[in-house]
Amino acid sequence: MRKPRHRSTAVRAVITTVTAVALGAVGLTACDGSGGNSPGPEGSVSATKPSPKPTPTWDTSPRSVAAVGDSITRGFDACGVLSDCPEVSWATGTDQDVDSLAVRLLGRSGAAKHSWNHARTGARMADLPGQMARAAAERPELVTVMAGANDACRSSADAMTPVAAFRSDFTDALRQLRRTVPKAQVYVMSVPDLKRLWSQGRQNPLGKQVWKLGICSSMLADPDAVDAAATARREAVQQRVEEYNKVLKDVCAEDKRCRYDGGAVFGFRFGERQLSHWDWFHPSVNGQARLAEIAYRGVTAEKPLG
């Protein structure tokens with residue numbers, strides 16, 4: 001029997017036809033699934049899964065607070081002469097007349113359990129790295145910083161901490177925190193306007209007597225003297241405070257989880273009610289409450305203030 005002469009040609013034709021149909025089906029599916037104006041299949045991942053929201057860098061409701069700094073954060077001279085009163089601290093105090101930052105954020109019972117005050121009266125910026133290391137051991141979600149007044153408040157203007165050393169110590173303090181708690185937030189309060197504190201306190205005879213004990217001599221010595229030398233001394237202290245605040249702002253800006261208060265404390269006009277009636281220099285209970293307000297506004301703001 002003779003074999004069909006065109007069998008191979010017929011087979012090839014069938015294969016070609018089947019392949020073309022299959023490729024057309026695949027192309028149709030691909031077009032329907034991802035191209036043109038056709039919607040994706042009902043219930044597909046792309047149709048139902050929402051885009052993830054980015055995690056905010058700054059949490060406006062931290063669940064624990066640690067404080068570092070100096071006598072202001074310890075409530076020095078707010079309750080009695082030449083003594084600490086941490087219960088009225090603007091940062092972590094429990095006194096109801098202050099409503100500290102910790103109380104405002106965590107509630108009174110939460111503040112008692114989840115806030116820590118590592119500030120020390122007399123501390124300078126050189127002491128901050130050690131304080132920060134102790135604060136980091138608590139693994140807080142927020143650390144408050146208020147330091148620098150004692151670097152300007154020295155026995156004389158010449159004894160003030162150099163700006164470069166101030167910067168180095170503050171930078172080191174942040175590094176200490178980051179080694180243990182890399183995601184902790186830091187809120188930095190500016191150094192107060194010491195010259196304004198002098199101008200307010202010098203109106204009170206009792207305050208001037210207490211100043212003779214050695215409180216911030218670089219600014220407060222000879223409080224009634226207004227000669228050229230005294231004026232130049234106070235201006236030098238004021239300029240150094242402003243330089244310290246610039247350091248706090250600049251170093252903080254290099255850390256994405258750090259906020260500076262925008263100069264809010266420096267710009268606050270402490271009056272008679274806000275100054276301790278024991279030394280007319282440190283914040284009173286009312287002054288501590290005003291500091292707590294300033295800090296709370298800054299910590300809970302969606303964007304940095306100032």
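Is F268 buried, exposed or partly exposed, and what is the relative accessible area of F268?

**Entry 1: F268 and its partner.** I worked on a predicted model. I looked up F268 and noted a relative accessible area of 22%, so F268 is partly exposed, given that buried means under 20% and exposed over 50%. For F270 I noted 4%, so F270 is buried. I then examined the two rings together: F268 and F270 form an edge-to-face aromatic pair, with 4.8 Å from centre to centre and 85 degrees between the planes.

**Entry 2: The other aromatic pair.** I recorded a count of two aromatic pairs. Besides the pair of F268 and F270, I looked up F166 and Y244. Their ring centres are 4.1 Å apart and their planes stand at 10 degrees, so I entered this pair as stacked, since planes under 30 degrees apart count as such. I located F166 in helix α6 (residues 163–180) and Y244 in helix α10 (residues 228–253); the pair therefore ties together parts that are 78 residues apart in sequence. F166 is buried, at a relative accessible area of 0%, and Y244 is buried, also at 0%.

**Entry 3: Strand β4.** I turned to strand β4, residues 185–188, and asked which of its residues are buried. I found Q185 and Y187 buried on one side and V186 and V188 buried on the other, so that both faces are covered.

**Entry 4: Neighbours of β4.** I traced the pairing of β4 with strand β3 (residues 142–146), which is parallel and has four bridges. In this pairing, L142 stands opposite Q185. I also noted that β4 runs parallel to strand β5 (residues 258–260), joined to it by three bridges. There, V188 has Y260 as its bridge partner.

Note on methods: Residues are numbered from 1 along each chain as its sequence is written. This is a predicted model: local features need pLDDT of at least 70, side-chain atom pairs count only at pLDDT 80 or more; totals for chains, interfaces and linings use all residues. Side-chain values use heavy atoms; hydrogens and water are left out. Buried means under 20% relative accessible area, exposed over 50%, partly exposed in between (1.4 Å probe, protein chains only). Helices (H or I, at least four residues) and strands (E, at least two) are DSSP runs, numbered from the N terminus. Two strands pair if DSSP finds at least two bridges between them. Rings of Phe, Tyr and Trp (its six-membered ring) pair if their centres lie within 6.5 Å; planes under 30 degrees apart count as stacked, over 60 as edge-to-face and the rest as tilted.
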